[in-house]
Amino acid sequence: MTDLTQLLADLLRRFASDADAAGSAHALESVRIAYLGRNGEVTKVRRTIGTLPPAERPDAGKAINDAVAAMESRLEAAQAALESSAVDAELATSIDVTFPPIAPQVGSIHPVRRIIEESCDYFMRHGFAVVVGPEAEPDYYNFDALNIPSDHPARESFDSFWLTDGVLLRPHTSPMQIRTMQQHRPPIAIVAPGKCFRRDAVDARHLFQFHQVEGLLVADDIHFGHLKGMLTGLCRELFGPEQRVRFRPSYFPFTEPSAEVDTTCPKCRGDASGARCNLCGGSGWIELGGSGMVHPNVLREVGYDPDVYSGWAFGFGVERLGLPRYGVDDIRRFINSDPDFLAQLS
Ligand code: DAH
């Protein structure tokens with residue numbers, strides 16, 4: 001065996017053991033550079049060719065090229081082996097196919113929105129149309145047209161967020177009664193859900209921004225019995241048959257007679273005898289909203305003859321409906337964006 005043959009055989013052996021030891025693509029690349037790189041081992045051997053007698057040089061060149069080819073194919077094989085062992089390692093990590101999947105976070109309709117939908121659905125089944133209107137209203141729609149003249153003390157409770165002189169964020173949805181009646185002739189049967197704004201101090205049953213569902217029915221021969229029947233039906237549908245509802249005489253400038261609608265406090269269940277309940281204030285009842293027979297002055301204002309037409313109207317607080325609807329003990333829960341609370345009600 002010539003010196004060169006011996007040299008190449010040693011080189012191949014060392015190369016093989018280095019390539020086998022390389023445990024990563026990066027290490028394998030270092031081995032390639034060390035042997036086949038521009039200043040690598042093979043280049044050093046090539047430089048010795050010049051020292052050989054010219055007759056031996058072609059064979060020497062061929063022997064070196066053969067060695068290079070052997071190294072390259074071994075590198076390729078080592079590369080492939082590394083890749084497949086990486087895949088094997090990944091497959092070998094045990095996969096528990098019975099493990100519960102990470103469920104995607106699915107959103108749900110907010111409880112306040114759901115009550116609006118359920119209430120509208122109830123009235124739509126009875127032939128009512130749903131209308132929506134502006135959240136900023138001129139005082140004409142908010143007050144004057146609703147039989148609340150500018151010097152009337154009833155303005156006080158609604159006198160809240162003025163945007164400019166004469167335009168305020170509506171404190172109730174009742175302006176929609178006027179807007180609808182001005183555009184249509186009787187018979188009228190509408191519900192108008194939407195946001196309202198009032199300067200109420202926030203507590204377990206008050207928010208300064210909340211929702212109402214307004215309702216209005218005007219036709220011939222409409223009487224208070226229709227009002228009681230429809231509103232009792234709504235409460236029964238939302239709360240179930242066990243929840244008690246009462247109509248309590250009250251006063252609103254735009255209705256006569258007027259009644260507030262109350263339901264048993266969902267927190268103390270009407271047991272006002274014990275400690276003061278912070279939800280109902282100890283009365284045992286929660287007010288849902290106001291209602292009554294549309295005042296003749298309101299009908300006149302929109303050009304309806306009160307001797308021909310009569311009607312009833314109501315305005316319920318949606319978050320208030322949510323208390324017995326979901327058995328919730330504090331109205332602020334509806335606006336706290338607590339995912340656990342919302343998930344429970346979804
Ligand atoms: N708008 C009244 C309020 O927010 C509630 C109300 C009372 C609405 C009587 C009505 C009604 O439509 O007839 O306090």
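This is a short dialogue about the ligand site of a predicted model.

Me: What should I keep in mind about the model before reading the ligand site?
Reply: The model is predicted, so local features need pLDDT of at least 70 and side-chain atom pairs count only at pLDDT 80 or more, while totals for chains, interfaces and linings use all residues. Residues are numbered from 1 along each chain as its sequence is written, and side-chain values use heavy atoms, with hydrogens and water left out.

Me: Which residues are closest to the ligand?
Reply: A residue is near a molecule if one of its heavy atoms lies within 4 Å of it. Here 16 residues surround the ligand, the closest being His172, Ser174, Gln177, Arg198 and Glu214.

Me: How do I read the polar contacts, and what is the distance for Glu214?
Reply: A polar contact is a pair of N or O atoms within 3.5 Å. A polar side-chain atom of Glu214 lies 2.6 Å from a ligand oxygen, and for Gln177 a side-chain N or O atom is 2.8 Å from an oxygen atom of the ligand. His172 places a polar side-chain atom 2.9 Å from a ligand nitrogen.

Me: How much of the ligand does the protein cover?
Reply: Accessible areas come from the Shrake-Rupley method with a 1.4 Å probe. The ligand has 350 Å² of accessible area on its own, and the protein covers 95% of that.

Definitions and conventions:
Polar contact = N/O pair within 3.5 Å; in protein donor to acceptor, adjacent residues only side chain to side chain.
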